Amino acid sequence: MAAFDASTARSMGLSFVDVDMKSPEVYGRYRKILLQQYPLKRELGLPTYLLVDNPEAVFAILGEISGGMPEPAFRDKLNRLLEQNPAL
C-alpha cells in the first residue's frame, strides 16, 4: 500500500518517507515527529501518514491521514490537507 500512496504523493509534488519503526536509522531520524503526535504509540493506526512541514529541522505537523483506502480517496484527503495549508 505504501508504494501506491508514495506514488500518489509524489505525483502531487510531495516528498514521501516510509518510516519503518524496525529501521533504527529511519526511525531515529523521524522519531521526534512521531512521538510528538503519538507519545505512547497506542493511537498510531496503520497506515498513518503525517503531512509535515520542515521535518529535518523545526517541524510542524499540518495534518494526518489514517487507515487504508483506495487511491482516489487518499488523493482527496491529501488535497484537503493541502488546501488547509496553502503555504505548502
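**Note on the aromatic cluster, the largest pocket and Asn-85**

1. In this predicted model, Phe-16, Tyr-49 and Phe-74 are joined into a cluster by ring pairs. The whole structure contains 2 aromatic pairs. One of them, between Phe-16 and Tyr-49, is tilted, with 5.6 Å from centre to centre and 50° between the planes. This pair connects distant parts of the chain, 33 residues apart: Phe-16 belongs to the loop between H1 and H2, and Tyr-49 to strand S1.

2. Both partners of the tilted pair fall under the 20% limit for buried residues. Phe-16 has a relative accessibility of 15%, and Tyr-49 has a relative accessible area of 14%.

3. Tyr-49 also bears on the largest pocket, being among the residues nearest its centre, together with Val-17, Val-19, Thr-48 and Leu-50. The pocket holds about 960 Å³ of space and has 32 lining residues. Two or more of these come from each of helix H1 (2-11), helix H2 (24-37), strand S1 (48-53) and helix H3 (71-84). Strand S1 contributes the most, with 6 residues. By character, the lining comprises 24 nonpolar, 4 polar and 4 charged residues.

4. Asn-85 deserves a separate remark. This residue lies in the segment after H3. Is Asn-85 buried or exposed? Its relative accessible area is 15%, and because buried means under 20%, Asn-85 counts as buried. A polar atom of its side chain lies 2.8 Å from the backbone oxygen of Leu-81. Apart from neighbours within four places in sequence, Asn-85 is in contact with Leu-51 and Leu-62.

Notes
Residues are numbered from 1 along each chain as its sequence is written. This is a predicted model: local features need pLDDT of at least 70, side-chain atom pairs count only at pLDDT 80 or more; totals for chains, interfaces and linings use all residues. Side-chain values use heavy atoms; hydrogens and water are left out. On a 1 Å grid over the protein atoms alone, a cavity is a set of points where a 1.4 Å probe fits but cannot get out, and a pocket is an open set with protein on both sides within 12 Å along at least five of seven lines; lining residues have an atom within 4 Å of a point. Grid points are joined across faces, edges and corners, and a volume is the space filled by probe spheres set on the points. Helices (H or I, at least four residues) and strands (E, at least two) are DSSP runs, numbered from the N terminus. Ala, Val, Leu, Ile, Met, Phe, Trp, Tyr, Cys and Pro count as nonpolar, Asp, Glu, Lys and Arg as charged, and the others, Gly among them, as polar. Buried means under 20% relative accessible area, exposed over 50%, partly exposed in between (1.4 Å probe, protein chains only). A polar contact is a pair of N or O atoms within 3.5 Å; within protein, one must be able to donate a hydrogen and the other to accept it, and residues adjacent in sequence count only if both atoms are side-chain atoms. Contact means heavy atoms within 4.5 Å. Rings of Phe, Tyr and Trp (its six-membered ring) pair if their centres lie within 6.5 Å; planes under 30 degrees apart count as stacked, over 60 as edge-to-face and the rest as tilted.
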